[in-house]
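Visitor: Could you take me through one part of this model in detail? I'd like a close look at chain B, from its fold to its surface and charges.

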Amino acid sequence: MLYGLFIASCGIAIGSALMAITRLNASHALIYLVITLLSLAVIFFLLGAPFAAALQIVIYAGAIVVLFLFVVMMLNLGRRSVERERQWLLPGIWVIPSILAGALFVILGIALIGVENQAVIDGEMIGPRRVGAALVGPYVLAVELAGVLLLAGLVGAYHLGRRYLDERRER
Amino acid sequence: MMDATGGIPLEHVIWFAITLFLIGVVGILIRRNVIFILLSLELMMNAAAVVFIAAGAFHDQADGQVMFMFILALAAAEVAVALGLVVQLSRRFKTLDIDAASEMTG
C-alpha cells in the first residue's frame, strides 16, 4: 500500500516535471510544477515527514510558485512569447543534454548499485515536535544564519525591483 | 529484487531523486527563457530535499527535515532575488532570453 502510493506519486512527479520543462507557455509550466511539488509532498508524507509535507504545500506550492506566477503575469507574456519560445526550443535541441543526463544517470546508478544497501523506510512518523526541538537545539545558529540569508534576499529583491534603477543609469 | 512489503526501499527513493535532478539539469540546458531555468533549479533543489528527507527517515532522526527547512529558506531567498533579476532583464533588454545579458562577455 505504502509502496504503491510511493510509486504512483513518483510517476506523477516525474511526468509533470517533464511536462513542466517542455511547455511553451510559462504559466502552464508553473501549473505542472505545482503538480510536481504536490506529489513530492505526498512522498514526504509517505516517508514519515508530515511537517515537511505541510511546509512543501504551504511554502513551495503556496508561496514560491505564486511568486513565479506574479512575475509571469506582471511581465505580461502573451501569444507572441509562445511563438518566440517555439523558435528557441528547436526540435533537436534536447538530444545532447539528454545523452549527457543519461550518462550521468548511468554513472550514479552504478555507484548506487555498488552500495548493496537493503535499507527499507517503514514510514514511521517524525513529528513537528522533534523537528522543532532539533531546530532550536543543535541547529539554532543555522536558524539565525537562515534569518540573515532571508534578510539579504529581501534587501536584494527590493533593490533589484526598484523601477528607477534604469533611469539613474541613463542619466 | 527487493520485495517491498509495507516499506519503501531507500534505494528507490534515491533513484527517484536522481531522475528528478537530471530532469532539472536537462531543463536548464535546453531552455533559453530565464523563468524556465529558475523552474528547473527548483526541481533540482527538490530532488536534494527528497534525499535529505529519506535519509532522515532512514536514520530515524529529525535532522533530515531540519535540512529540508534550510533548503526551503534558501529557495525562498534565491527566488526573490532571481525574480528581481528577471524583472530587470525584461525591462532593460525587452526579452527573457538569458543570452541577451552577455554584455560582460566573460
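Guide: Quick bit of groundwork: accessible areas here come from the Shrake-Rupley method with a 1.4 Å probe, and for residues only the protein chains shown count as cover. With that in hand, the accessible surface of chain B comes to about 4,000 Å², and 67% of that belongs to carbon and sulfur atoms. Bear in mind that this is a predicted model.

Now the fold. Chain B has three helices and one strand, and reading from the N terminus the order is β-α-α-α. The radius of gyration of chain B is 18 Å, well over the 13 Å that the globule rule gives for 106 residues, so chain B is more spread out than a compact globule. You can put dimensions on that: the C-alpha trace spans about 55 × 30 × 25 Å along its principal axes.

What about the inside of chain B? Of its 106 residues, 61% are buried, where buried means under 20% relative accessible area, worked out with protein chains only. As for contacts, take those in chain B with a separation of 6 or more: 49% of them join residues 24 or more positions apart.

Last up, charges. Chain B carries 5 positive and 9 negative ones, and the mean positions of the two sets lie 24 Å apart; for this count, Lys and Arg are positive, Asp and Glu negative, with His and the chain ends left out.

Terms used:
Residues numbered from 1 in each chain as written. Chains lettered and ligands numbered in written order. Predicted model: local features only at pLDDT ≥ 70, side-chain atom pairs only at ≥ 80, totals over all residues. Heavy atoms only, no water. Helix = DSSP H or I, 4+ residues; strand = E, 2+ residues; numbered from the N terminus. Rg over C-alpha atoms; globule rule 2.2 N^0.38 Å. Buried < 20%, exposed > 50% of the residue type's maximum accessible area, 1.4 Å probe, protein only. Contact = heavy atoms within 4.5 Å. Charge placed at Lys NZ, Arg CZ, Asp CG, Glu CD.
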